[in-house]
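Me: I would like a close look at one helix packing in this model, with the cut-offs spelled out.

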Amino acid sequence: MRQAPGPYADWRAWLDAFAEGTDLPAEHLAPICEQMGPHVQERLMRHIAEAFAQRQRRWADTFQRDLGALAGDPVHALAATLASARTRLAPLRRFCASPAMPPALRDELTSALDETVRSSQSSLDDSVRHAPIALQVVVRDTRLTTAPPPPPAPGRQSPGRRVII
């Protein structure tokens with residue numbers, strides 16, 4: 001059965017893609033408010049919670065898999081894994097801050113994500129407590145709880161680099 005177009009269908013399609021790891025633009029999503037009606041709001045909230053939980057689980061599973069597959073130079077491999085994990089958190093953080101969701105829901109999702117990240121960081125801190133100092137430094141300097149630096153603007157070069165033709 002095909003869904004009728006509308007705010008609910010837009011949200012469902014977007015949430016399904018988000019849960020599977022696809023990051024689509026979200027500007028077209030209607031704010032979740034009383035005008036949608038209590039039943040639609042309730043169903044959307046349930047779908048939001050499910051999509052968030054699935055995406056968060058996907059992040060945690062990928063992070064654990066990457067940690068388990070560290071190869072080569074452990075310091076560089078760990079630094080790359082942590083940087084990648086922080087980058088993959090960005091869509092979850094944007095989702096939690098979506099202005100289309102009610103403030104209470106945003107706060108609840110943000111709190112859940114923060115707890116997952118803190119737990120992962122704590123576990124990582126514990127696992128390198130007796131590791132070589134170089135690994136401890138990488139974990140300390142590349143904390144999951146710290147947002148990665150923003151990527152350079154398109155067309156801009158990193159400071160100190162020149163293009164020589």
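In which hand, left-handed or right-handed, does α1 pass α2 in their crossing?

Reply: α1 passes α2 in a left-handed crossing, where left-handed means that the near helix is turned anticlockwise from the far one by less than a right angle, and right-handed means clockwise. The model is predicted, so local features need pLDDT of at least 70 and side-chain atom pairs count only at pLDDT 80 or more, while totals for chains, interfaces and linings use all residues. Residues are numbered from 1 along each chain as its sequence is written, and side-chain values use heavy atoms, with hydrogens and water left out.

The chain has five helices and zero strands; helices (H or I, at least four residues) and strands (E, at least two) are DSSP runs, numbered from the N terminus. α1 and α2 pack at an angle of about 15 degrees, with their axes 8 Å apart. Axes are lines fitted to C-alpha atoms, for helices over the stretch in contact, and angles run from 0 to 180 degrees between N-to-C directions. That angle makes α1 roughly parallel to α2, the term for angles under 35 degrees (over 145 is roughly antiparallel, 65 to 115 roughly perpendicular, and the rest oblique).

On the α1 side, the residues that meet α2 are Y8, W11, R12, L15, F18 and A19. Their partners in α2 are V40, R43, L44, H47, I48, A51, F52, Q54, R55 and R58. Contact means heavy atoms within 4.5 Å. By class, the residues of this contact divide into 10 nonpolar, two polar and four charged. Ala, Val, Leu, Ile, Met, Phe, Trp, Tyr, Cys and Pro count as nonpolar, Asp, Glu, Lys and Arg as charged, and the others, Gly among them, as polar.

The largest nonpolar core has 35 residues, and W11, L15 and I48 are among those that touch the most other members. Such a core is a set of buried Ala, Val, Leu, Ile, Met, Phe, Trp, Tyr and Cys residues joined through side-chain atoms within 4.5 Å; buried means under 20% relative accessible area, exposed over 50%, and partly exposed in between (1.4 Å probe, protein chains only). α1 (7–19) and α2 (38–68) are among the helices that each supply at least two residues of this core, while α3 gives the most, with seven residues. From α2, I48 and F52 are also touched by L109, not counting residues up to four places away in sequence.
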